[in-house]
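Student: I have a structure open and would like to go through it. Can you take my questions as they come?

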Amino acid sequence: MAGGDTFAGIPGCKGFDKGHLPMPPARAFAILTCMDARLDPAKYAGLAEGDAHVIRNAGGRASDDAIRSLVISYKLLGTREWFVIHHTDCGMETFTDDVMRGLLGKSLETATVDENGWHDTGKGRGSSEGKYIDWLTISDLAESVVEDVRRIRSHPLVPGRIPIHGYIYDVRTGKLVEVPAATKAGQARGRR
């Protein structure tokens with residue numbers, strides 16, 4: 001689809017009846033998760049519109065921007081609990097920073113993948129700008145959850161009283177599996 005055709009046929013606001021919902025989330029929590037189209041945080045967390053903040057990026061990683069959103073969620077909108085949820089079969093496990101930098105250095109077109117890995121098939125110029133970005137790839141799924149919870153917990157703008165939980169969503173079974181080491185690292189600490 002191109003341009004104006006992208007949203008053709010999508011019902012949009014027909015029958016919309018949620019305009020009365022307040023800005024702060026009703027259940028006072030936020031979820032940081034992956035942008036993967038197979039994930040529906042509302043379903044796996046049992047949410048309705050207005051229940052929680054859902055922050056999504058590639059891998060559900062605790063990037064500076066994700067932490068910025070979590071801090072706003074707490075400071076201005078009153079969330080009191082946070083969840084970091086990564087998932088099985090994540091695309092962020094299929095490449096490294098060096099692979100991404102190499103692909104972007106060759107062209108800016110979409111790459112392809114097969115049993116031998118990622119390949120650049122595009123024509124045209126690439127860019128070396130990719131070498132300045134930490135792509136936050138994942139080599140160990142459970143460890144990435146622990147790492148992100150620790151990063152959030154240790155951030156100077158994150159109050160110690162906010163509990164941060166770590167989970168992995170299994171895309172094949174639909175189950176949320178707690179990562180105990182992450183939840184332990186994210187335990188609330190004092191009143192800070």
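Tutor: What follows is a walk through the fold, the sheet, some backbone oddities, the salt bridges and a surface patch.

Student: First, what kind of model is this?

Tutor: This is a predicted model.

Student: How many helices and strands does the protein chain have?

Tutor: The protein chain has five helices and seven strands. Read from the N terminus, the elements go β-α-β-α-β-α-β-β-α-β-β-α.

Student: What share of the residues counts as buried?

Tutor: The figure is 36% of the 192 residues of the protein chain. The protein chain exposes about 11800 Å², and carbon and sulfur atoms supply 55% of that area.

Student: And what share of the contacts comes from residues 24 or more positions apart?

Tutor: Among contacts in the protein chain with a separation of 6 or more, such residues account for 65%.

Student: On to the sheet. In what order do the strands come?

Tutor: Five strands form an open sheet, ordered 2-1-3-6-7, with mixed pairing. Strand 2 (52–57) and strand 7 (176–178) are the edge strands, each pairing on one side only. From one strand to the next, the twist averages 25 degrees.

Student: In which sense do strand 1 and strand 2 pair?

Tutor: Strand 1, residues 29–34, pairs with strand 2 in the parallel sense, over six bridges.

Student: Which residue in strand 2 does I31 stand opposite?

Tutor: I31 faces V54 there.

Student: What does helix 2 lie across?

Tutor: Helix 2 (residues 64–75) lies across strand 1, strand 2 and strand 3 (81–87). Relative to strand 2, helix 2 runs at about 170 degrees. Angles run from 0 to 180 degrees between N-to-C directions, so that value puts the helix and the strand in nearly opposite directions.

Student: Backbone next. Which residue in the segment before strand 1 should I look at?

Tutor: Look at A28, which is found in that segment. A28 has a positive phi of about 55 degrees and is not a glycine. A28 is also buried, with a relative accessible area of 7%.

Student: What is the phi of D89?

Tutor: D89 has a positive phi of about 55 degrees too, although D89 is not a glycine. D89 sits in the loop between strand 3 and helix 3 (97–106).

Student: Why does D89 count as partly exposed?

Tutor: Its relative accessibility is 41%. Partly exposed covers the range between under 20%, which is buried, and over 50%, which is exposed, so D89 falls in the middle class.

Student: New topic, salt bridges. How many does a search of the whole structure find?

Tutor: The search finds 10 salt bridges. One of them joins R61 and D148, whose closest N and O atoms are 2.7 Å apart. R61 lies in the loop between strand 2 and helix 2 and D148 in helix 4 (residues 141–154), so this pair ties together parts that are 87 residues apart in sequence.

Student: Are R61 and D148 buried or exposed?

Tutor: R61 counts as buried at 1% relative accessibility. D148 is buried as well, with a relative accessible area of 3%.

Student: What about D64, which residue forms a salt bridge with it?

Tutor: The partner is R151, and the closest N and O atoms are 2.6 Å apart. D64 lies in helix 2 and R151 in helix 4, so the pair ties together parts 87 residues apart in sequence. D64 counts as exposed at 56% relative accessibility, whereas R151 is partly exposed at 35%.

Student: Where do D65 and R68 lie?

Tutor: Both lie in helix 2, three residues apart, about one turn of the helix. D65 and R68 form a salt bridge, with closest N and O atoms 2.7 Å apart. D65 is partly exposed at 44% relative accessibility, and R68 is partly exposed at 46%.

Student: Which residues do salt bridges with shared partners join into one network?

Tutor: The network consists of D36, R38, D89 and R172. D89 is the loop residue with the positive phi from before.

Student: Last one. Which residues form a nonpolar patch on the surface?

Tutor: The patch is made of V99, V113 and W118, with about 230 Å² of accessible area together. W118 lies in strand 5, residues 117–119. W118 counts as partly exposed, at 31% relative accessibility. Patch residues need over 30%, so W118 passes that cut-off.

Technical notes
Residues are numbered from 1 along each chain as its sequence is written. This is a predicted model: local features need pLDDT of at least 70, side-chain atom pairs count only at pLDDT 80 or more; totals for chains, interfaces and linings use all residues. Side-chain values use heavy atoms; hydrogens and water are left out. Patches are made of residues with over 30% relative accessible area and no salt bridge: like charges are joined within 9 Å, nonpolar side chains (Val, Leu, Ile, Met, Phe, Trp, Tyr) within 5 Å. Accessible areas come from the Shrake-Rupley method with a 1.4 Å probe; for residues, only the protein chains shown count as cover. A salt bridge is a side-chain nitrogen of Lys or Arg within 4 Å of a carboxyl oxygen of Asp or Glu. Helices (H or I, at least four residues) and strands (E, at least two) are DSSP runs, numbered from the N terminus. Buried means under 20% relative accessible area, exposed over 50%, partly exposed in between (1.4 Å probe, protein chains only). Two strands pair if DSSP finds at least two bridges between them. Contact means heavy atoms within 4.5 Å.
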